[in-house]
Amino acid sequence: MITDLFFNLCTLFGYGNPAAKFWFVGMEDGGNGWNKNSRKDIETLGPVCLPERFYPMPEKKIRDEIYNFDKITGKNHGTKIYHSFSHIISRGATDYTNWKKYLFNSAHENTYFQMNLYPLGRPQNESWPAGYEELFGIGDSSIDQEAYESWITTVRLRLLRAFWAEHCHRKVTICFGEGEDGSYWEKDRLLFGLSGNGDLLNNRPKVIYYHEQKVVLTPFFGNGRISVKDREAVIEKVNEILG
């Protein structure tokens, strides 16, 4: 049975500043996922504690996610998405080391907003965390996974679409990550009501633009998935849209 904790995350719009010109849509919540010690943190993300259903992304949290150092393995499992965020927001000016300069404005507000299609993150190399059934009422059985998909399609995407429609004027929305089978892009198309094949930007086969909604579909911002030329195509379109 779906729990209140799952409802808290399923109805959470995202992170950052909805008034910003740049909106990014990821595949699922990143990081190391949630565990039994996360219960209090998830409770603070519910409608009672967070009625606006989004929160700013503070510098410390961004820094922690970029430099996610594993003391056991000695490896850095940090995300690379913020480097791509800053590169696009800066219109290609950042050298990936000065991300802070472009992810915040002079008023210390985020210069972007981020949503994720799926609210439950999964650690690397783990298909479905064992603790998720206790926390969220969703196990790895086919029945539970179908119920999860149903919640995403019938509840979460509708909420995200309404929130985006309220704030999307004079903005560009960039959906990063197509998935191995293209399933995430299909969710993006469903979320934003995208029809047809869209336009290839600079003939890049995996950078697709939908003019009416000002939505760009791109490869994932990490693991070498998106190329320099892909980013250049996105930045060129951003310059055209925002001037």
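## A tour from Phe 136 outward

Begin by selecting Phe 136 in this predicted model: leaving aside its neighbours within four places in sequence, Phe 136 is in contact with Met 1, Ile 2, Thr 3, Leu 5, Phe 6, Leu 9, Trp 34, Ile 42 and Leu 120. Widen the selection to the largest nonpolar core, which has 74 residues, and Phe 136 appears again, since the residues with the most contacts inside that core are Phe 24, Tyr 112 and Phe 136.

Next, show the aromatic rings, which make 24 aromatic pairs in the model. One of these is the stacked pair of Phe 13 and Phe 163, with 4.2 Å from centre to centre and 15° between the planes. This pair links distant parts of the chain, for Phe 13 lies in the loop between helix H1 (4-10) and strand E1 (14-16), while Phe 163 lies in helix H7, 150 residues apart. Phe 13 counts as buried because its relative accessibility is 13%, under the 20% cut-off, and Phe 163, at 6%, counts as buried too. Phe 136 can then be picked out once more, in a cluster linked by ring pairs that also takes in Phe 6, Tyr 118, Trp 128, Tyr 132, Tyr 148, Trp 151 and Tyr 184.

Now turn to the sheet, where 8 strands in the order E3-E1-E4-E2-E5-E8-E7-E6 form an open arrangement with mixed pairing. Strand E3 (54-55) and strand E6 (199-200) are the edge strands, each pairing on one side only. Helix H7 (residues 142-167) packs on this sheet, touching E2, E3, E4, E5 and E8, and its direction makes about 160° with that of E4. Finally, select strands E7 (residues 208-210) and E8 (residues 215-218), which run antiparallel and are joined by 3 bridges; here Ile 208 stands opposite Leu 217 in E8.

How values were computed:
Residues are numbered from 1 along each chain as its sequence is written. This is a predicted model: local features need pLDDT of at least 70, side-chain atom pairs count only at pLDDT 80 or more; totals for chains, interfaces and linings use all residues. Side-chain values use heavy atoms; hydrogens and water are left out. Two strands pair if DSSP finds at least two bridges between them. Helices (H or I, at least four residues) and strands (E, at least two) are DSSP runs, numbered from the N terminus. Contact means heavy atoms within 4.5 Å. Axes are lines fitted to C-alpha atoms, for helices over the stretch in contact, and angles run from 0 to 180 degrees between N-to-C directions. A nonpolar core is a set of buried Ala, Val, Leu, Ile, Met, Phe, Trp, Tyr and Cys residues joined through side-chain atoms within 4.5 Å. Buried means under 20% relative accessible area, exposed over 50%, partly exposed in between (1.4 Å probe, protein chains only). Rings of Phe, Tyr and Trp (its six-membered ring) pair if their centres lie within 6.5 Å; planes under 30 degrees apart count as stacked, over 60 as edge-to-face and the rest as tilted.
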